[in-house]
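Q: I have a model open here and would like to talk through how it is put together. Could we go through it piece by piece?

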Amino acid sequence: MERATWNNYLAQTWDKYLPPIRPYAEETAIFKRYVANFIKDKGKIPSILILGSTPELRDIIYEFDITPTVVDFSRENYEGMSLLLRNKGTDKFIENNWLDMRECNDIGQYDFIFSEAAFNVLNVKAAKQIYHLCSTLLKNNGKLIVKEWIRFSDTRPLLEDLIKDYRESNSTLGFYSYLCIPLMLLFYDFENEVITLKDLDREINKMLSSGKITINEQMSVGIHEYRNVDLELYIPSILEFMNDMKEYLSLSMIHTVHIAHAEFHPIFVYERR
């Protein structure tokens with residue numbers, strides 16, 4: 001059976017989502033800094049490929065008056081996400097499956113490839129293929145900058161510990177924003193390397209029904225309306241991800257922003273040498 005992937009419904013409801021489902025401003029600032037430093041050091045405009053239609057990444061690139069190449073499998077997704085742009089700019093849009101980019105005449109080689117958790121919406125086999133493909137689409141010394149949702153072990157966190165952590169934190173973040181990936185790992189299928197968002201929604205509702213979480217905590221997930229979303233996510237172990245990537249690219253840097261549990265969604269910078 002074909003794995004459920006990103007769909008038009010997600011693009012239409014993207015404005016309801018909160019970080020880390022959408023990127024934090026502190027995270028997009030990291031992408032922006034690499035572009036600014038390239039222009040400063042090289043004295044020229046970089047070529048940039050974005051995997052997916054993420055408006056936050058396109059916005060920061062428009063600030064430099066750069067036209068990025070945006071590859072998305074659906075023009076409808078692209079147009080839906082474009083409604084959330086804050087800055088004016090233009091893209092070179094290519095409607096294509098990421099894994100088939102090499103066969104597309106409009107695809108070249110790039111100084112940067114940007115991924116905002118794009119690899120996480122692929123299954124294990126496809127993810128490993130895209131790692132290799134990205135390495136072939138980078139210029140020499142080109143950089144792949146990828147925010148990746150990761151885990152540190154195959155051990156499930158304890159719900160009681162997560163709830164205690166959140167409630168004692170006095171965080172201004174909502175329950176889901178604070179605990180997003182640890183919550184997913186509570187119900188992650190480690191054998192098949194997958195969690196389905198509608199399954200997460202169902203399990204969160206069970207937690208509410210059993211009195212383990214409050215209605216406000218449940219609603220921090222409920223506002224995303226995952227009950228309609230078949231999307232399956234792959235959350236690799238950090239060691240597996242880094243071992244797979246090192247076959248193709250050299251690790252240059254790992255960035256983590258100063259936000260609760262941001263260690264579960266670091267930004268990796270890989271370079272083609």
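Q: Which residues form one aromatic cluster?
A: This is a predicted model, and in it the aromatic cluster is formed by Phe119, Tyr131, Phe241, Phe268 and Tyr270.

Q: And how many aromatic pairs does the structure hold?
A: The structure holds 14 aromatic pairs. One of them joins phenylalanine 38 and phenylalanine 112, whose rings are edge-to-face, at 5.6 Å centre to centre and with 70 degrees between the planes.

Q: Where do phenylalanine 38 and phenylalanine 112 lie?
A: Phenylalanine 38 belongs to helix α2 and phenylalanine 112 to strand β4 (residues 110–116), so their pair ties together parts that are 74 residues apart in sequence. Phenylalanine 38 is buried at 12% relative accessibility, and phenylalanine 112 is buried as well, with a relative accessible area of 2%.

Q: Back to the cluster for a second: why is the pair of phenylalanine 241 and phenylalanine 268 called tilted?
A: The planes of phenylalanine 241 and phenylalanine 268 stand at 55 degrees, with the ring centres 4.8 Å apart, so the pair counts as tilted; the edge-to-face class takes angles over 60 degrees. Phenylalanine 241 sits in helix α10 (residues 238–245) and phenylalanine 268 in strand β9 (residues 267–271), so this pair links parts 27 residues apart in sequence.

Q: Are those two buried or exposed, starting with phenylalanine 241?
A: Phenylalanine 241 counts as buried, at 0% relative accessibility, and phenylalanine 268 is likewise buried at 0%.

Q: New topic, the sheet: what is the order of the seven strands?
A: The order is β3-β2-β1-β4-β5-β9-β8, in an open sheet with mixed pairing. At the edges stand β3 (92–95) and β8 (250–255), each with a single partner strand, so one side of each has no neighbour in the sheet. On average, and with direction ignored, neighbouring strands are turned by 20 degrees against each other.

Q: In what sense do β1 and β4 pair, parallel or antiparallel?
A: Strand β1 (residues 48–51) pairs with β4 in the parallel sense, over four bridges, and within this pairing leucine 49 has isoleucine 113 in β4 as its bridge partner.

Q: Which strands does α2 lie across?
A: Helix α2 lies across β1, β4, β5 (138–147), β8 and β9, and runs at about 175 degrees to β4. Helix α3 (residues 55–62) also packs on the sheet, where it touches β1, β2 (69–72) and β4, and its direction makes about 165 degrees with that of β1.

Q: Staying with α2, what is isoleucine 30 in contact with, beyond its sequence neighbours?
A: Leaving aside residues within four places in sequence, isoleucine 30 contacts His255, Val257 and Ile267. Isoleucine 30 is part of helix α2 (residues 25–42) and is buried, with a relative accessible area of 6%. Its C-alpha is 8.0 Å from that of histidine 255, although the two are 225 residues apart in sequence.

Q: Last one, on α8 and α9: at what angle do they pack?
A: Helix α8 (residues 197–209) and helix α9 (residues 215–222) pack at about 170 degrees, with their axes 9 Å apart, and they are therefore roughly antiparallel to each other. Asp201, Ile204, Asn205 and Leu208 of α8 meet Ile215, Gln218, Val221 and Gly222 of α9. By class, this contact has four nonpolar, three polar and one charged residues.

Definitions and conventions. Residues numbered from 1 in each chain as written. Predicted model: local features only at pLDDT ≥ 70, side-chain atom pairs only at ≥ 80, totals over all residues. Heavy atoms only, no water. Axes fitted to C-alpha atoms, helices over the stretch in contact; angles between N-to-C directions. Helix = DSSP H or I, 4+ residues; strand = E, 2+ residues; numbered from the N terminus. Parallel < 35°, antiparallel > 145°, perpendicular 65-115°, else oblique. Contact = heavy atoms within 4.5 Å. Nonpolar A, V, L, I, M, F, W, Y, C, P; charged D, E, K, R; others polar. Buried < 20%, exposed > 50% of the residue type's maximum accessible area, 1.4 Å probe, protein only. Phe/Tyr/Trp six-rings, centres within 6.5 Å; stacked < 30°, edge-to-face > 60°. Pairing = 2+ DSSP bridges.
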